[in-house]
Amino acid sequence: MSFAQPPATPARRALFRAPIWLYRLGLGGLLGDRLVLLTHRGRTTGEARQAVLEVVGGNDATGTVLVASGYGPRSQWFRNIRQEPRVLFQVGDRRRRGTATVLSPEESGRALAHYAQRRPGTAMALVRGLGHEVDGGPESFERVGADPENGVPVVRLAPADPPPTPYPDLSAR
C-alpha cells in the first residue's frame with residue numbers, strides 16, 4: 001500500500017486520525033515517545049487543527065522534537081506551521097507550548113539519515129511507502145531529506161520553556 005497521496009476515503013482518513021482520539025482521551029502515554037500530537041492553527045480559518053506525526057529525533061534535555069513531513073511541503077499541517085509557527089505538541093503525557101521551525105534541506109537530510117540509522121526498518125518502510133526510492137544506506141535517506149522540491153522536510157518543535165532538570169543546578173553554589 002502506498003501513502004504517496006493523503007488518504008482519500010472517509011474510512012482511511014478515520015484510520016489515520018485514530019491516534020488523535022487516543023490523545024484526546026488522555027491515553028497519549030500508550031503511544032510512547034515515537035509519536036507526537038501536533039496542535040497548530042489553520043492558515044485560513046485560524047482554528048485549531050491536529051495531526052499525529054512520527055518522531056524522527058529530538059533531545060530529551062531540551063524537550064525538542066523532530067518530525068518529518070511525509071507528504072512534503074504539500075502537507076496541510078506543514079503549510080499551516082509555515083504560516084503560524086506557534087504550536088502545542090504532546091509526546092506521551094508531556095504537553096508543551098513551542099515553536100515549529102522548518103530545517104534547511106541539508107539539516108533535514110542529516111536528520112532523516114540519522115533516523116534511518118536508529119530505526120532502519122521503520123525508516124525504510126516509511127520512505128518507500130511515501131513513494132521514494134532508497135537503498136537502505138544513510139546517503140539515500142539524506143538525499144530524500146535534502147530534496148527541497150520532492151523530498152521529506154524535517155521540522156523542529158522546540159518548547160517555549162525547556163523542561164525542568166531532574167536535579168538542581170549545583171554549579172551556582
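In this predicted model, the largest pocket has a volume of about 1200 Å³. Its lining is made up of 37 residues, and Phe 16, Ala 51, Val 52, Leu 53 and Tyr 71 are the closest to its centre. Several elements take part: α1 (10–24), β1 (35–41), β2 (48–59), α2 (76–83) and α4 each supply at least two lining residues. Strand β2 provides the largest share, 7 residues.

The second largest pocket holds about 340 Å³ of space. Of the 15 residues that line this pocket, Asp 33, Val 55, Gly 57, Gly 58 and Asp 60 lie nearest its centre. Here β2, β3 (64–68) and β5 (94–102) each supply at least two lining residues, and β2 again gives the most, with 4 residues.

Here is how the two linings divide by residue class:

| Pocket | Nonpolar | Polar | Charged |
|---|---|---|---|
| Largest pocket | 19 residues | 12 residues | 6 residues |
| Second largest pocket | 3 residues | 5 residues | 7 residues |

Now for a look at how two helices pack. The axes of α3 (residues 105–118) and α4 (residues 120–129) come within 5 Å and cross at roughly 125°, so the two helices are oblique to each other. On the α3 side, the contact is made by Tyr 115, Ala 116, Gln 117 and Arg 118, while α4 brings Pro 120, Thr 122, Ala 123 and Leu 126. By class, the residues of this contact comprise 5 nonpolar, 2 polar and 1 charged. Helix α4 thus has two roles to follow in the structure: this contact with α3 and a contribution of at least two residues to the lining of the largest pocket.

Methods: Residues numbered from 1 in each chain as written. Predicted model: local features only at pLDDT ≥ 70, side-chain atom pairs only at ≥ 80, totals over all residues. Heavy atoms only, no water. Axes fitted to C-alpha atoms, helices over the stretch in contact; angles between N-to-C directions. Parallel < 35°, antiparallel > 145°, perpendicular 65-115°, else oblique. Contact = heavy atoms within 4.5 Å. Nonpolar A, V, L, I, M, F, W, Y, C, P; charged D, E, K, R; others polar. 1 Å grid on protein atoms, 1.4 Å probe; cavity = no way out; pocket = protein on both sides within 12 Å on 5 of 7 lines; lining within 4 Å. Points joined across faces, edges and corners; volume = space filled by probe spheres on them.
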